[in-house]
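Reader: Hello! I am new to this structure and would love a close look at a single part, with some help seeing how the rest is arranged around that part.

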Amino acid sequence: MKNNKKSYVVHPLFETQKKINPVVLRFILSNEFTRVDFGYAAPWMYIKGGWIHIAPHAYLAIDGSPKKYALMHTENIPIAPQKHEFETTEDWKVFSLFFEPLPIQDCVVNLIEEENPSENDFNYYALKLENVLDVEIIP
Amino acid sequence: MNLSKSAFRRYKVIDGMLRNSMRKYPTIIEIQEACYVKLHFRPSIETLQKDMANMRAPYPDGFDAPIQYCKINRGYEYTDPNYTLTGITLREDEIDAITDALDLIKMIGGSRISHQFNQTVEKLFSFTLDGGASLKNRRPFVQIMIPPVSRGFEHFDLFYEACKERQTISMLHFSYNKRTFTHTYFHPFLIKEFENHWYLIGFSETHKAIRTFGLDRISAPLKTKKKFIHSELSEIDTYLNDVYGVFPIPGAQKEKVKIKASKLSTHYFQAYPLHESQAIKKNPSGTSEISFELIPSIELAQYFLSRGSHVTLLSPTWFVNFTKDLSQ
């Protein structure tokens, strides 16, 4: 298969980035998985910074397509019902979600944690992945 | 090559016996006796025969040792008289000198140098060690402060390789002050340690300028094939030579920085110069005016502030004001 072992870094572009915590920082596209890297700074409104986790049914979808790319595993963030409890409002975390592989091509992606989200859910819309073959990762 | 330390120590004894020109053609019994004297245990004849077979085996499984049994002289020999197990012949005092130097490197190394480097040092130690000497029994005669491993240091090897091979890094950065994250493509040229903190310096595509990032704030770095942007050699030299610390004040140029030092501080500046450009003009009372040719940096301002009333910053005026603001 072409590009079988290659993987690429993509810096996503946002039409309007409403949700900035956690912030989507980077996509890594390969034929084995699609990894999305996030940064999260514990917010001041919770006494000890609150907690985070990700729903096991989170998925990626290409805008306009019904196909769902399921969450496979995570790094540095627990899958619900487990939680990561912060200790202070100064804490921060970089974490990664690994999904089934998106096709390695330019596309617009939605990341959905909940179909009917509250403001606390990690839903992101219209993440533009452009020039996806430009930056290849050195294995 | 999968080789135990004890086997290698036997090889060293065998090698020493076969290279001893004063007593050529040692027998297997004599080798066994030499092992007992040097290693304080007596390996079996079978073990020693197996050792010699292993030494004969071609590299990388063995050492290509040209060992043969001489039927006329009834003992073993190297058919190539110039052969040595380690490729170089070292005298006892040379081995001592290397061992002392490695001791020092190991002391400086510890957590600060990469894992691979430490492994190499270990390997060198095992090659230079003779007979019963054991590193574990060596007590250091020099001690420097070795801080515990810090966050981000686990990426040291990746950063080192990227600097060396001129590879662009994709990395995530968290700013403690702004509490914001960024993804940037970074073109590193230097890893710098300052006051036990480690920094990566290079060209940041996000900032379109040379930037310094603490290793502790960098996450998930990846080496990429993105075209590397080379920084100007003069800029690199600036970072290497003209900055005290790691964060030069943006827009600052190299210039003369003058301070007034108390009697006590003058002693310390004399004993521990801050920078190679330091020039001291002493007053009869023991106080002094000290000048440096430097790019003013945040660390320089902090250093002067930390000396309290013992140091007064005189010029340049803008840096005097900057330092005052920093203290408030």
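Reader: Which residue in strand 10 of chain A is the bridge partner of A:Tyr59?

Author: Happy to help! Please keep in mind that this is a predicted model. The bridge partner of A:Tyr59 in strand 10 of chain A is A:Ile112. That pair belongs to the pairing of two strands: strand 6 of chain A, residues 59-62, and strand 10 of chain A, residues 107-112, are joined by four bridges and run antiparallel.

Strand 10 of chain A has another pairing to look at. Four bridges also join strand 10 to strand 11 of chain A, residues 124-129, and these two strands run antiparallel as well. To find this pairing on your screen, look for A:Val109, which stands opposite A:Leu127 in strand 11 of chain A. As general background, side chains in a regular strand alternate between the two faces of the sheet.

Now let us step back to the chain that holds these strands. Chain A has eleven strands and zero helices, so its pattern along the sequence reads β-β-β-β-β-β-β-β-β-β-β. The radius of gyration of chain A is 15 Å, close to the 14 Å that the globule rule gives for 139 residues, and chain A is therefore as compact as a globular protein of that length. The C-alpha trace of chain A spans about 50 × 35 × 25 Å along its principal axes. Of its 139 residues, 32% count as buried. If you take the contacts in chain A between residues at least 6 apart in sequence, 63% of them join residues at least 24 apart.

From here we can cross over to chain B. The contact between the chains takes 14 residues from chain A and 14 residues from chain B. On the chain B side, the elements that give two or more residues are strand 3 (168-175), strand 4 (180-194) and strand 7 (218-224). Strand 7 of chain B supplies the largest share of that side, five residues. Sorted by class, the side of chain B that touches chain A has five nonpolar, five polar and four charged residues.

Those strands of chain B also meet in a sheet. Five strands form an open sheet in the order 6-5-4-3-7 in chain B, with antiparallel pairing. Its edge strands are strand 6 (209-214) and strand 7 of chain B, each of which pairs on one side only. From one strand to the next, the twist averages 45°. Within this sheet, six bridges join strand 5 of chain B, residues 197-204, to strand 6 of chain B, and the two run antiparallel. One place to find them is B:Ile201, which stands opposite B:Thr212 in strand 6 of chain B. Helix 6 of chain B, residues 156-165, packs on the sheet and touches strand 3, strand 4, strand 5 and strand 7 of chain B. The direction of helix 6 makes about 80° with that of strand 4 of chain B.

A last stop in chain B is a pair of helices. Helix 2 (residues 28-39) and helix 3 (residues 45-56) of chain B pack at an angle of about 100°, with their axes 10 Å apart. Helix 2 and helix 3 of chain B are therefore roughly perpendicular to each other. Where they meet, B:Ile28, B:Ile31 and B:Gln32 of helix 2 face B:Ile45, B:Leu48 and B:Gln49 of helix 3. By class, this contact has four nonpolar, two polar and no charged residues.

Definitions and conventions. Residues are numbered from 1 along each chain as its sequence is written. Chains are lettered from A and ligands numbered from 1 in the order in which they are written. This is a predicted model: local features need pLDDT of at least 70, side-chain atom pairs count only at pLDDT 80 or more; totals for chains, interfaces and linings use all residues. Two residues are in contact if their C-beta atoms, placed from the backbone, lie within 7 Å. Ala, Val, Leu, Ile, Met, Phe, Trp, Tyr, Cys and Pro count as nonpolar, Asp, Glu, Lys and Arg as charged, and the others, Gly among them, as polar. The radius of gyration is taken over C-alpha atoms; the globule rule is 2.2 Å times the number of residues to the power 0.38. A residue is buried if 20 or more other C-beta atoms lie within 10 Å of its own, exposed if 12 or fewer, and partly exposed in between; C-beta atoms are placed from the backbone. Two strands pair if DSSP finds at least two bridges between them. Axes are lines fitted to C-alpha atoms, for helices over the stretch in contact, and angles run from 0 to 180 degrees between N-to-C directions. Angles under 35 degrees count as roughly parallel, over 145 as roughly antiparallel, 65 to 115 as roughly perpendicular and the rest as oblique.
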